[in-house]
Amino acid sequence: TLTGEWCQIAGGLEEGETAWQAAIRETREETNLIPHSLYSADICEQFYEADRDCIAMVPVFVGYISPEQTVRLNSEHDAFLWVTFEEAKMKVPFAGQRRVLDHVQCEFVDQEPNAWLKIDLET
């Protein structure tokens, strides 16, 4: 586990679930937030898992949340912060997380996201 570390919302797939459906479910379960729109970030976080002796390639998603929603953490987390990208990069423990944050800032904050990356939440 990453006890005491800052991290993004993450989790595994449940039976019959797509990766983007898991992203929405994990967001809801971990934070009580429900994205009104979701995008493929067009990047994967890649890391080696020594206990499984494998390289994980995990798709990244960007969700947009209405500002009136309230964060309510589940038992997996003990705190949250709203921070700038620079502050977030100083808090996360892994280089791959920092690369993902740079990519998300460039592609989803500094410019309009590519419409082809938007996921139809009705399907």
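**Exercise 1. Overall dimensions**

Decide what radius of gyration a compact globule of 123 residues would have, and what value the protein chain has.

Solution. The model is a predicted one.
Step 1: the globule rule takes 2.2 Å times the number of residues to the power 0.38.
Step 2: for 123 residues this rule gives a radius of gyration near 14 Å.
Step 3: the protein chain has 15 Å, which agrees with a compact globule.
Step 4: the spans of the C-alpha trace along the principal axes are about 35 × 35 × 30 Å.

**Exercise 2. Secondary structure order**

State how many helices and strands the protein chain has, and which pattern they follow along the sequence.

Solution. Step 1: the count is 3 helices and 3 strands.
Step 2: read along the sequence, the order is α-β-β-α-α-β.
Step 3: some of these elements can be placed by residue number. Helix α1 covers 19-31, strand β1 covers residues 37-49, strand β2 covers 54-64, and helix α3 covers residues 95-109.

**Exercise 3. Burial, contacts, surface and charge**

Find what share of the 123 residues is buried, and what share of the contacts with a separation of 6 or more joins residues 24 or more positions apart.

Solution. Step 1: a residue is buried when its relative accessible area is under 20%; in the protein chain, 28% of the residues are buried.
Step 2: among contacts with a separation of 6 or more, 56% are between residues 24 or more positions apart.
Step 3: the accessible surface of the protein chain is about 8,700 Å², and carbon and sulfur atoms account for 53% of that surface.
Step 4: the protein chain carries 9 positive and 23 negative charges, and the mean positions of the two sets lie 3 Å apart.

**Exercise 4. Aromatic pairs**

Classify the pair of Y39 and F108 from its centre distance and plane angle, then do the same for F80 and W82.

Solution. Step 1: a pair of aromatic rings is described by the distance of the centres and the angle of the planes. A pair requires centres within 6.5 Å, and planes over 60 degrees apart count as edge-to-face.
Step 2: the structure holds 3 aromatic pairs.
Step 3: for Y39 and F108 the centres are 5.8 Å apart and the planes make 70°, an edge-to-face arrangement.
Step 4: Y39 belongs to strand β1 and F108 to helix α3, so this pair ties together parts that are 69 residues apart in sequence. Y39 and F108 are both buried.
Step 5: for F80 and W82 the centres are 6.0 Å apart and the planes are at 80°, so this pair is edge-to-face.
Step 6: F80 is partly exposed at a relative accessible area of 40%, whereas W82 is exposed at 69%.
Step 7: Y39 and F108 also belong to one aromatic cluster with Y64.

**Exercise 5. Positive phi**

For N32 and D53, give the phi value, then the location and exposure of each residue.

Solution. Step 1: most residues other than glycine have a negative phi.
Step 2: N32 is not a glycine, yet its phi is positive, about 70°. N32 sits in the loop between α1 and β1 and is partly exposed, with a relative accessible area of 28%.
Step 3: D53, also not a glycine, has a positive phi of about 50°. D53 is in the loop between β1 and β2 and is exposed, with a relative accessible area of 58%.

**Exercise 6. Sequence separation against spatial distance**

Give the C-alpha separation for D102 and F85, for G16 and R52, and for I9 and C54.

Solution. Step 1: D102 and F85 are 17 residues apart along the chain, and their C-alpha atoms are separated by 7.6 Å. D102 lies in helix α3 and is partly exposed, at 36% relative accessibility.
Step 2: G16 and R52 are 36 residues apart in sequence and 23 Å apart, C-alpha to C-alpha. G16 is in the segment before α1 and is exposed, at 74% relative accessibility.
Step 3: I9 and C54 are 45 residues apart along the chain, with C-alpha atoms separated by 21 Å. I9 is in the segment before α1 and is partly exposed, at 36% relative accessibility.
Step 4: leaving out residues up to four places away in sequence, I9 touches E26, T27, E30 and T31.

Definitions and conventions: Residues numbered from 1 in each chain as written. Predicted model: local features only at pLDDT ≥ 70, side-chain atom pairs only at ≥ 80, totals over all residues. Heavy atoms only, no water. Helix = DSSP H or I, 4+ residues; strand = E, 2+ residues; numbered from the N terminus. Buried < 20%, exposed > 50% of the residue type's maximum accessible area, 1.4 Å probe, protein only. Contact = heavy atoms within 4.5 Å. Areas by Shrake-Rupley, 256 points an atom, 1.4 Å probe, with all protein chains shown as cover. Lys, Arg positive; Asp, Glu negative; His and termini not counted. Charge placed at Lys NZ, Arg CZ, Asp CG, Glu CD. Phe/Tyr/Trp six-rings, centres within 6.5 Å; stacked < 30°, edge-to-face > 60°.
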